[in-house]
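Please look through the model shown here before reading on. The report below takes up confidence, fold, core and contact in turn.

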Amino acid sequence: MSIVRCPHCGTANRAGSNFCNSCGTELRAAEERAAERRHTEDVTRPGPPPAAEPEIPRPKESPPEPPQPGLAGQPWLRMEFGGVDAAPPFEEEDDAAHVAAARLAPGIQGLLAPVRITVRDAGEDQPASAPRSPDIPAEQMRLVRRRMGSPPVLGDAEQLWSQSNPPNLRLTWLFLALGLAILLPALLALPLPKGAPAQWPGVDEAFDAIQGLPVQADVLVYWAYDPAAAGELDEAALPIVEHLLQRRARISVVSLLPGGPATARRLIERARLEWQRSENLTAAAESTWAIPVQYLPGGAALLAHVAQDREEIFDGAQQDPPDLTIVFGAQAEDVQHWLEQVAPINRAPVIAVTGAAADPILRPYWNSGQLAGLVSGFDGAYSYQSLLAERLPRLAPSAALDRQVVLQDWGMAIFFLAIVLGNLAAMFSRSPEP
Amino acid sequence: MQSSALLFDAIGAWVAFFFTLMVFSALAGDNPLARLAQHILVGAALGYAAVLAARHVLLPRLFDPLARGEAGVMDGWLPLGMAAVLIIAGVDRIVFRTAKRNAPPGWRRLLHGAGRLVTALLLGIGLGAGIMGALQGTLIPQYLRAAQIGFVPSAPGYLPLVGLLTLVLTTATLLHLYLDPARHLDRQPGYARGLMAGWLWLGQRALWLAAGLIFARLAASRLSLLIARITFLTDMIHDTAFWTWLQSL
C-alpha cells in the first residue's frame, strides 16, 4: 500500500488521505506538490526518445474516472473554510448515515463533513440539508478532526482548548543549554559547590546486608545491563562490587544480555584494581577469588534455570541457595523478572541496584520486603559510596561520583529553568478560550 | 605485548571519541555521519551478539554434546530440530512466498504448520512462566502486603490513615481514567455530580503527581547517561597534548 508522509510530524498515512492521522495537518496539498514535483522530474529527466505508440483499440464506454484530487467538492477541508453554513447542502441525508459516519470517524482520515462532527442539540429540529450552527474557525475544525482521528487520551475540555495553540518547544536551544551547562564545567574543571543528594530508604539496608555477610559468602549477581546503560549503572555498581570484594565474597555472575558479561568483567576488573590499591594487595594474593561470569540466552523464561541448576551453570562451584543475590538492572523489569522467576524458588535475599528511572516502580517491592535493599541512580550510588567511605575509610571516595552530583545539579537547573520559562510563555501567549 | 595492549586501548578510546561525536552531531540535524555511526553500532552489536551466541551457547551446549554422543542427547536434538523447522519455515516464507505461488501447497502447509507448532510451544512456555511468575512474585506478595498493613494491631496510628488516603487516590485515579463525565454524570443527581466531579479532580491531580515523579526520575537517569558521555569526551580532551599546550598559554 502506498503511503504519504506528513510534512509536519512524519507519520505515514494512507495515500489519498486529506489530513494526517496523528496531528491533523492537511496532506492533500503536500501530496499534490509531491505529484507535481514527480511529474516535473519525469518531464525534465533525459531519456531515450519515445517509441511510437502502438494503436490500442479504445473501449467505446470507458468506466467513470475517479474524482480528481482537489477540494472543489469538499470546501470544509480548506483551512479558510468559514463554517458549516458555507458548505453545500447534502442531497441524501438520513440518521443512519449520520451514525455510521460518526462511528467511522477515526478511520476515514479526515473525510468527515463538519455537519457530522459538530455537536447538534437533539432538541433542535434542524433539517439535515441545511444545518445551522455557529461559524467554526478553521483552526478549531482542524483540532476537532485531530481529536476525532486519534485514540482517546487523558484530558478534558479545558486541556483540549489549550492545545489548540501550543507554544513551540525549541528543542535545539534546550539541548544546547543542557549540553553547555554540563560540558563547560566538565571541560574547564570549574570549582563548583556540591550539595549532597537525598538519601533514599533502602541504601542503608543494602549496605548492612553486604556488611553482614560472612567471609567467603556465596553471592549470586544477575547482571542485567550492557554498555548502553553503563554510563549510569557503572557508578552505582562499582561501590557495591568493591564492598563485596572487601568482604571476600565468592561472587558468581550470570547475564542474559550478550553484552552483559563483557560489561561485568570490565567493571569487576576496575573494582578489583581499586580494592588492590586500598588494601595494598598484590594480584597474586587475591587471585584465589576468580569470578565466573556466564552468559545465558533464552530471555526471562530461562531465569528459573538459574534458580534450580546453578551448580550446572557454574560447573559445580556453588550450592543453592546463595547467601545473597544482587540484581544490577537498567530497568525495573529486570528486577521484577528476578523477583518473579528466581526469588520464589531459591528464597535468597535480593538487593536491587538500578537506574533512577526504575526506582518508583520498584519502591513497592522494597516496601513489601521482597527486596532486602534498593540502590537506584546516581543519588543511591552516592549515598552508598558515602557509607562505604564513612565505615570503611580505606576505600577512597569516587571522584567520578562527585562530578556526577555537581553536573546533575547543573542539568537539573536547566530543566527547572526550561519548565519555569515554558510555563510563563504559555501563560502569556495562551489564546483566549472560545 | 604490553605496548600492543596499550596501543589497542588508545585506538579504542579514539574510535569511541569520534563515534560519540558522530552520534551527538544528530543534535544539529540529520546527517550522514550520525547515520553512519548508528548503522555501524547496530551492525557491530548484532555481529557481536551472534558470535557470542555461537561460541558460548551453540557450540559448547548443543553441537559438542551432539558430536560426542553423550547421554541425554534428546536434550540437544529437540531444540536443534525445533530450530531447523523454524528456520526452514522462515526461509520458505521469505524466499519462496512470491516465487512459487502455483506450487502444490501440501508440503508448504505441513511446514508452516510445524513452524507454528514450534512457535506456539515457545510462546506457551514464555507466557506460562511469565504468568506464574507475575502471580507468585508480584500479585500475591503485593496483595498480601497491602492487606496486612491494615490488620496489624501494633501498627502505628497513621498507617490506617495512609491506607485510606491510598484507597481514595487509587479509586479517584481509576475513575478519572475510565469515567467520561459528559456521558456518565449527566443523569446523576446534583449532589452526586458534585461529589464525583471533586473525586475526578483529585484523581487527575494524583495522576499528574505520579507522572511527574516518574518523569523526574527518568530525566535524572538520562541526565546521568549524558553526563557520563560528556565527561568521557572531556577526559579524552584533557589527555591530549593540545589541551596541555592550551593550558600553558
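In chain B, where is confidence lowest and where is it highest? The lowest mean in chain B, 74, belongs to helix H3 (residues 74–95) of chain B. The highest, 89, belongs to helix H7 (residues 190–238) of chain B.

## Confidence

This is a predicted model. The predictor gives the complex an ipTM of 0.70 and a pTM of 0.65. Chain B has a mean pLDDT of 81, with 88% of its residues at 70 or more. Chain A averages 72, and 61% of its residues score at least 70.

The elements of chain A span a range. Helix H3 (residues 114–117) of chain A has the lowest mean pLDDT, 38, and S7(A) has the highest, 95. Residues 81–133 of chain A have a pLDDT below 50, and this stretch makes 64 contacts in the model beyond near neighbours in sequence. Residues 152–164 of chain A are also below 50, with nine such contacts. Where pLDDT is low, predicted coordinates should not be read in detail.

## Two chains

Chain A contains 16 helices and eight strands. Chain B contains eight helices and zero strands. Read from the N terminus, the elements of chain B run α-α-α-α-α-α-α-α.

Burial is given for each chain. In chain A, 32% of the 434 residues are buried. In chain B, buried residues make up 7% of 249. Sequence separation adds to the picture. Of the contacts in chain A with a separation of 6 or more, 71% involve residues 24 or more positions apart. For chain B, 45% of the contacts between residues at least 6 apart join residues at least 24 apart.

## A strand pair in chain A

Strand S7 (residues 350–354) of chain A pairs with S8(A) in the parallel sense, over four bridges. One bridge joins A:Val353 to A:Val375 in S8(A). The chain passes from S7(A) through H14(A) to S8(A), a β-α-β crossover that is right-handed.

Strand S8 (residues 373–376) of chain A is covered on both faces. A:Gly373 and A:Val375 are buried on one side. A:Leu374 and A:Ser376 are buried on the other. In a regular strand the side chains alternate between the two faces of the sheet.

## The nonpolar core

The largest nonpolar core has 74 residues. Which residues have the most contacts inside it? They are A:Val327, A:Phe328 and A:Val353. H8(A) gives the most to this core, eight residues.

A:Val353 links several parts of chain A. Leaving aside neighbours within four places in sequence, A:Val353 contacts A:Ala236, A:Ala237 and A:Ile240. A:Val353 also contacts A:Ile326, A:Val327, A:Phe328 and A:Val375. The last of these, A:Val375, is also the bridge partner of A:Val353.

## Positive phi in two loops

A:Gln216 has a phi near 60°, a positive value in a residue other than glycine. A:Gln216 sits in the loop between helix H7 (203–211) and strand S3 (218–224) of chain A. Is A:Gln216 buried or partly exposed? A:Gln216 is partly exposed, because 13 other C-beta atoms lie within 10 Å.

A:Arg347 also has a positive phi, near 60°, and is not a glycine. A:Arg347 lies in the loop between H13 and S7 of chain A. A:Arg347 counts as exposed, because 11 C-beta neighbours lie inside 10 Å.

## The contact between chains

How many residues does each chain bring to the contact? Chain A brings 34 residues and chain B brings 36 residues. On the side of chain A that touches chain B, each of these supplies at least two residues: helix H6 (171–188), helix H8 (230–246), helix H12 (332–341), helix H13 (343–346), helix H14 (359–367), helix H15 (377–391) and helix H16 (399–429). H16(A) gives the largest share, six residues. By type, this side of chain A has 20 nonpolar, 10 polar and four charged residues.

## A residue of chain B

B:Leu36 is in helix H2 (residues 32–68) of chain B. B:Leu36 is exposed, because 12 other C-beta atoms lie within 10 Å, and 12 or fewer counts as exposed. B:Leu36 and B:Phe19 are 17 residues apart in sequence. In space, C-alpha to C-alpha, B:Leu36 and B:Phe19 are 9.4 Å apart.

Conventions. Residues are numbered from 1 along each chain as its sequence is written. Chains are lettered from A and ligands numbered from 1 in the order in which they are written. This is a predicted model: local features need pLDDT of at least 70, side-chain atom pairs count only at pLDDT 80 or more; totals for chains, interfaces and linings use all residues. Two residues are in contact if their C-beta atoms, placed from the backbone, lie within 7 Å. Ala, Val, Leu, Ile, Met, Phe, Trp, Tyr, Cys and Pro count as nonpolar, Asp, Glu, Lys and Arg as charged, and the others, Gly among them, as polar. A residue is buried if 20 or more other C-beta atoms lie within 10 Å of its own, exposed if 12 or fewer, and partly exposed in between; C-beta atoms are placed from the backbone. Two strands pair if DSSP finds at least two bridges between them. A crossover is right-handed if, with the strands pointing away from the viewer, the path from the first strand over the helix to the second runs clockwise. A nonpolar core is a set of buried Ala, Val, Leu, Ile, Met, Phe, Trp, Tyr and Cys residues joined through C-beta atoms within 7 Å. pLDDT is the predictor's confidence in each residue, from 0 to 100.
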